Amino acid sequence: MKLGLGLYRHQLDDAHFQFAAQAGCTALVIHLVDYFNQAKGNKIGDQPTGDLHGWGRAGDPDRLWDTEMLQDIVARAKGHGLEIAAIENFDPAHWHDVLLDGPRKAEQLEKLKTIVRNVGAAGIPCIGYNFSLAGVAGRTRGTYARGRAEAVGMEGPVDDPVPAGLVWNMQVADKLGPGQMPPCTPEQLWSRLQDFLAAVLPVAEASGVTLAAHPDDPPMPTIRGTPRLVYQPSLYQKLIDLAPSPANQLEYCLGSLAEMTEDNLYDCTESYAQQGKIAYVHFRNVRGKVPHYKETFVDDGEIDMPRIVEILHRHNFQGVLIPDHAPQMTCGAPWHAGMAFALGYMRALLQTIAKQP
Ligand SMILES: [Mn+2]
């Protein structure tokens, strides 16, 4: 098992690479989507939360992530002893009609194939994605964590409709509205996922890239009137069975899974680890379940984290653990302190388990 850190687009610089290396990381998971671009209600410096207008403006639909740009990041990280283990999330600008089943779907599936080929050519082995219409939306921010540390949570369902032009919680049109996102049934959304996997998985396999699915965050059956796919742990099995392929993998978010209302997290982790389907792990902790939960410090939530590490170790999991989110610590560098605390805890667990047979 490797220790890694997730970095947002604006953090892909030497100072953040050095910070990761200093905390004992050997891997990074990087975001290339700029969630904070032109965003009024989305404060930079922590994970994006936004408001009912979403996060920021999506990227340039005609500018795909090219191999040269990716190789530059790989080389700069390597200079700090870090591998790029995965890219997290596609840009809604590149795949909104894949999610919506819209008129540019065929064109955008080709774009995704090009991106996957470029990622493989740069030697990056994984892309995490979240097949979702509303995206990560409907969460609140408050002094929820230990010592009144600022963290993210949910305080009841959020069913305000999604305005037209907002997809995956980012603005893909020049302005939002008039009107709303077209309606979609759960069956239609599963069918769209199947179309995506059928088109892109063969290219991923040929490119040496795995596609790793994040569960829904927050894991409600619906958010903002749109259906969700993986809002119970057992629904991950449906996603696995939908497209048998070694490249069809999971971005295993412990926090989101623990926020779900059914199934046993430890049994599910056994099952998915045993199947070899866990690409990498979002190693974070929570208290409560949807629609009322709070993110916590990694040692302070309801998940028995050492037990999770023991299960992964027993199934010879070789991938990366990253903190995902951490509460902001009260000091001059709230994000850094929160991450350093999580990484120190994780490093201790990994050193301890490495001594087990
Ligand atoms: Mn996550």
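The following exercises, with worked solutions, concern the sheets and helices of a predicted model.

Residues are numbered from 1 along each chain as its sequence is written. Because the model is predicted, local features need pLDDT of at least 70 and side-chain atom pairs count only at pLDDT 80 or more, while totals for chains, interfaces and linings use all residues.

**Exercise 1. Describe the packing of helix α8 against helix α9.**

Solution.
Step 1. Identify the elements: α8 covers residues 265-274 and α9 covers residues 305-314. Helices (H or I, at least four residues) and strands (E, at least two) are DSSP runs, numbered from the N terminus.
Step 2. Establish the geometry. The two axes come within 9 Å and cross at roughly 20°; axes are lines fitted to C-alpha atoms, for helices over the stretch in contact, and angles run from 0 to 180 degrees between N-to-C directions.
Step 3. Classify the angle. α8 and α9 are therefore roughly parallel to each other (angles under 35 degrees count as roughly parallel, over 145 as roughly antiparallel, 65 to 115 as roughly perpendicular and the rest as oblique).
Step 4. List the contacts, for which C-beta atoms, placed from the backbone, must lie within 7 Å. Tyr-266, Thr-269, Glu-270 and Ala-273 of α8 meet Arg-307, Ile-308, Ile-311 and Leu-312 of α9.
Step 5. Sort these contact residues: 5 are nonpolar, 1 is polar and 2 are charged. Here Ala, Val, Leu, Ile, Met, Phe, Trp, Tyr, Cys and Pro count as nonpolar, Asp, Glu, Lys and Arg as charged, and the others, Gly among them, as polar.

**Exercise 2. Determine the strand order of the open sheet of 4 strands and identify its edges.**

Solution.
Step 1. The order is β5-β6-β15-β14, and the pairing is antiparallel; two strands pair if DSSP finds at least two bridges between them.
Step 2. β5 (140-145) and β14 (285-289) are the edge strands, each with a single partner, so one side of each has no neighbour in the sheet.
Step 3. From one strand to the next, the twist averages 30°.
Step 4. Examine the pairing of β6 (residues 149-155) with β15 (residues 292-296), which is antiparallel over 3 bridges. Met-154 has Tyr-293 as its bridge partner in β15, and Glu-155 stands opposite His-292.
Step 5. Turn to β14 and β15, which run antiparallel and are joined by 5 bridges. Asn-285 is opposite Thr-296 in β15, and the two strands form a hairpin with 2 residues between them.
Step 6. Assess burial (a residue is buried if 20 or more other C-beta atoms lie within 10 Å of its own, exposed if 12 or fewer, and partly exposed in between, with C-beta atoms placed from the backbone). Since 4 of the 5 residues of β15 are buried, this strand is largely enclosed by the rest of the structure.

**Exercise 3. Give the strand order of the closed barrel and analyse the pairing of β12 with β13.**

Solution.
Step 1. The barrel has 8 strands, running β1-β2-β3-β4-β9-β12-β13-β16 with parallel pairing.
Step 2. β12 (residues 248-253) and β13 (residues 278-282) pair in the parallel sense over 4 bridges.
Step 3. Cys-253 is placed opposite His-282 in β13.

Note on methods: Two residues are in contact if their C-beta atoms, placed from the backbone, lie within 7 Å.
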